[in-house]
Amino acid sequence: MKNLIIAANWKSNMTKDEAKKWLEEFSIKEFPQVIEVVLLAPFTLLDMVSSYVKVNSLPIQVGAQDVSPFDKGPYTGEVAAGQIKEFGSYVLIGHSERRSNFIENDEMVNKKIERAKSAGIKTIVCVSTMDQVNKLPDEELIIAYEPPGAISTSGPGAHAEDPNAVAEFVKKVKELKQSLVIYGGSVNPDDVKNYTNLEDVHGALVGAKSLDPQSFSDIIKNAV
Ligand code: PGA
């Protein structure tokens, strides 16, 4: 059986109390060994979430949703990879919401990958086109294929990508890169397996449905 990564992208949601409630309600304390569960939390929650996971020995990896393109230093408002490393082992880079709302280009994405790599943090890099894939460095990355129109909160008409189209895109990625590829966009407990069943798809990046601990638990259970 192949290894899977199921990552929760909480985006700009959850206060400390809400996140604590989520963790208490998250029903799975043991996952199938083949699944790596990753919680991508806002910076403000990394300390609390990572402590909770450690104290309760939950088999969950914690990560951030962005990283500074610079090392530590005079970069007001930024959070450097070395600071994230204290709490988490993953970082999400180049999400389409960052590319569009914060004018994050491929050059910026690559700088962030470099910073994360030098701090020893695993990167999940979001792409929606082959052009973006082409511009990625030849390094060990996890690539999340997320067509922006498939993201549940992207507006009216948002819908999950057809699994055949995902398979086709991922095939092209694999011709170019050694990376593991996961799929993101409106993933829910009922359709997760349509994606994880695809030969070269190694997991899912989950937004809206990760905010509900029961739905996220069901996605994990249904992924294998
Ligand atoms: P969604 O978000 O699951 O709500 O579509 C996925 C993402 O944006 O990472």
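Contact here means heavy atoms within 4.5 Å. The structure is a predicted model, and the description below starts from one helix and moves through the cores to the ligand.

Helix 9 spans residues 213–223, and its buried residues are P213, S215, F216, S217, I219, I220 and A223. These buried residues pack against two helices and three strands: helix 1 (16–25) and helix 8 (192–196), together with strand 1 (4–9), strand 2 (35–40) and strand 8 (201–206). An α-helix has 3.6 residues a turn, so residues three or four places apart point the same way. Within helix 9, F216, I219, I220 and A223 are among the buried positions.

F216 and I220 also appear in the largest nonpolar core, where they belong, with I6, W10 and V49, to the residues with the most contacts inside it. That core has 62 residues. Helix 2 (residues 46–55) is its greatest contributor, giving five residues. As for V49, once neighbours within four places in sequence are set aside, its contacts are W10, L23, L39 and V62. A second core, separate from this one, has 12 residues, including I124, C126, I142 and A144. In soluble globular proteins, nonpolar side chains tend to be buried together.

Two members of the second core, I124 and I142, lead to the strands. I124 stands opposite I142, which lies in strand 6. Strand 5 (residues 122–127) and strand 6 (residues 142–145) are parallel and are paired over four bridges. Strand 5 also pairs with strand 4 (residues 90–93), again in the parallel sense and through four bridges. In this pairing, Y90 has K122 of strand 5 as its bridge partner. How many of the six residues of strand 5 are buried? Five of them are, and the strand is mostly covered. In a regular strand the side chains alternate between the two faces of the sheet.

The remaining subject is the ligand. It is surrounded by 13 residues, of which K11, H95, E146, S152 and S186 are the closest. For K11, an N or O atom of the side chain is 2.7 Å from an oxygen atom of the ligand. G207 is placed through its backbone instead: a polar backbone atom of G207 is 2.8 Å from a ligand oxygen atom. N9 uses a polar side-chain atom, which lies 3.3 Å from an oxygen atom of the ligand. Is the ligand, within the protein, mostly buried or exposed? Taken alone the ligand exposes 280 Å², and the protein buries 99% of that area.

Conventions:
Residues numbered from 1 in each chain as written. Predicted model: local features only at pLDDT ≥ 70, side-chain atom pairs only at ≥ 80, totals over all residues. Heavy atoms only, no water. Buried < 20%, exposed > 50% of the residue type's maximum accessible area, 1.4 Å probe, protein only. Pairing = 2+ DSSP bridges. Core = buried A, V, L, I, M, F, W, Y, C linked by side-chain atoms within 4.5 Å. Near = heavy atom within 4 Å. Polar contact = N/O pair within 3.5 Å; in protein donor to acceptor, adjacent residues only side chain to side chain. Areas by Shrake-Rupley, 256 points an atom, 1.4 Å probe, with all protein chains shown as cover.
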